[in-house]
Amino acid sequence: MRGLLVKTTAVPILVLLLTLSSSVRGGKLQMRRDLEVGRVARSGSKRPIIIVPGLAASKVEARVDDEYEFPAGCEGTAAPDEWHLTWMDLSSIRKVDCFAHKLGLVYEEAGETSQGGFGRLRGVLTRVFGGKGSEKGTKVANRKGVEVRPKEFGGLGGITNMLSAFGTTFAVDKMTSFVRGLQRHGWVEGETLFGAPFDWRYAPTASSKVREDFNRDLTALVEECFRKTGLPVVLVSHSLGGLMTTKFLLSKPGWWKQRFVATFIPMSVPWAGAQRSTQAILIGDNGNVPFLPMNYFGGLQRTCTSGLWLLPRKAFWDADYVMVETPEKNYTGSMMGELLEDSGLPGQASIYRKEIQQLDGWTNMRKGELGVNMLCLISTNVRTMSRLVTPSLLDLTRDPLTAPYTLEYSMDGDGIVNSRSMRVCENFADEVLEFEGVGHRGILSSKEVIRTVANAATVQ
Ligand SMILES: *[C@@H]1O[C@H](CO)[C@@H](O)[C@H](O)[C@H]1NC(C)=O
């Protein structure tokens, strides 16, 4: 079992795929014919499944060069010019400041260097951005000298975590349970089961290289699966992965989707954002790991544009619903830019207003518009954050561990994402299935959910 999950190189995948196509499909001739007519396939055949994981659920590797300046105390924590696993790697995560420095995104005001800090002044900044058109405003990028890439695109090693101890092998996270569940139903890594990890720090904005990389790599993987098995693929995605996949599908022409994609199965997707993301940005989110302080990853999380993308989207909540409450001001869904600014995060506020706010193409999406058959899975009835209340936003971002705040909860969600947000897919999915009392990550290890996905991915 362990060997299966760990092994992933391009060559064995290729060999396995070739073997599969000729044995299952009865030789080359038969396969050719399948390709030509598109969707002819034997009943019971397993369609290839590609899994797109959620926020922080892809492993990423980093490489630093001479230009990278290690912060004090972090010298030598990465060998220069060598790719190394950074997330999740327990030893690098222990030195959280070094790790957050390397992975954290940097917000730079355009013109700041040439104009000697002029761009830093609030108020003046706005005029600079709106100016002659030569200015591009705030830019967000990797820290100088740092490169980041997802680990093992196409394989499962970049989305699963196994731990061996006491002579047995455990699934460390729920995605690994999901993968093992599908393997129990007969899907095989490299033949019919693939992973599509991505650099989850970035939202897929127009200027984001990550969007291009992801679209290029996923397009190639989908086409390769089709070419080798003769079957259109099933895209299964969890949480943020569902948003990434939807953006991906919206960018593809109709003929491509009809030919290569059988079904899209988004699970637990925050279509309209989640109130929990206000907490992740202002305070931090320890991912429910009990021995880590809530703000442990806060320094990194705050810089990720993906987190900004997950802020509640005004179109989907009541206009007067208060997301964050302070004595001076109540923040509704239309005030997320203001919230960031008032929290001492002007770079994030600028990027949010300029690039993130207009990112979603599904606000008015209707059934059939995505151009693929779509089965949306959601779960509800788990205690979920619904509002953040604090006397001071600035104190909170400055020192989340001592500043006072309270979080309000309701049962209307899956523990992370609010139901209202997940239910947006009712507008455009062909079918929506709801699982009671199953958590945001728990949905991945639910036997019922795994069976549902396996059924949907089997040729009837
Ligand atoms: C904010 O909303 C609460 C109710 O959620 C209300 O009691 C309070 O007066 C509002 N504060 C401001 C400043 O509008």
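Okay, let's start with a pair of strands: β2, residues 60–64, and β3 are paired antiparallel, with three bridges between them. If you want a spot to click on, take alanine 62, which sits opposite histidine 84 of β3. Before I go on, a reminder that this is a predicted model.

So what sheet does that pair belong to? It's an open one with three strands, in the order β3-β2-β6, and the pairing is antiparallel. The edges are β3, at 84–87, and β6, at 146–150, and each of those pairs on one side only. Going from one strand to the next, the twist averages 40°. There's also a helix on this sheet: α5, residues 96–103, packs there and touches β2, β3 and β6. The direction of α5 makes about 100° with that of β3.

Now the other sheet. This one is open too, with four strands in the order β13-β12-β15-β16, and here the pairing is mixed. β13, at 330–332, and β16, at 406–410, are the edge strands with a single partner strand each, so one side of each has no neighbour in the sheet. Ignoring direction, neighbouring strands here are turned by 35° against each other on average.

Zoom in on β12, residues 322–325: three bridges join β12 to β13, and the two run antiparallel. Valine 322 stands opposite threonine 332 in β13. Keep Val322 in mind, please, since the ligand comes next.

Which residues are around the ligand? Val322, Glu325, Lys329 and Asn330. By type, that shell has one nonpolar residue, one polar and two charged. And to tie this back to the sheet, Val322 and Glu325 from that shell are the two ends of the β12 range, 322–325, while Asn330 is where the β13 range, 330–332, begins.

Last stop, a helix pair. Generally, you describe two packed helices by the angle between their axes and the distance between the axes. For helix α7, residues 174–184, and helix α18, residues 447–456, the axes come within 10 Å and cross at roughly 55°. That angle is why we call α7 and α18 oblique to each other. As for handedness, α7 passes α18 in a right-handed crossing.

Who makes the contact? On the α7 side you've got Phe178, Gly181 and Leu182, and on the α18 side Lys447, Ile450, Val453 and Ala454. Sort the residues of that α7 and α18 contact by type and you get five nonpolar, one polar and one charged.

That's my tour, thanks.

Conventions: Residues are numbered from 1 along each chain as its sequence is written. This is a predicted model: local features need pLDDT of at least 70, side-chain atom pairs count only at pLDDT 80 or more; totals for chains, interfaces and linings use all residues. A residue is near a molecule or strand if its C-beta atom, placed from the backbone, lies within 6 Å of it. Ala, Val, Leu, Ile, Met, Phe, Trp, Tyr, Cys and Pro count as nonpolar, Asp, Glu, Lys and Arg as charged, and the others, Gly among them, as polar. Axes are lines fitted to C-alpha atoms, for helices over the stretch in contact, and angles run from 0 to 180 degrees between N-to-C directions. Angles under 35 degrees count as roughly parallel, over 145 as roughly antiparallel, 65 to 115 as roughly perpendicular and the rest as oblique. A crossing is left-handed if the near helix is turned anticlockwise from the far one by less than a right angle, and right-handed if clockwise. Two residues are in contact if their C-beta atoms, placed from the backbone, lie within 7 Å. Two strands pair if DSSP finds at least two bridges between them.
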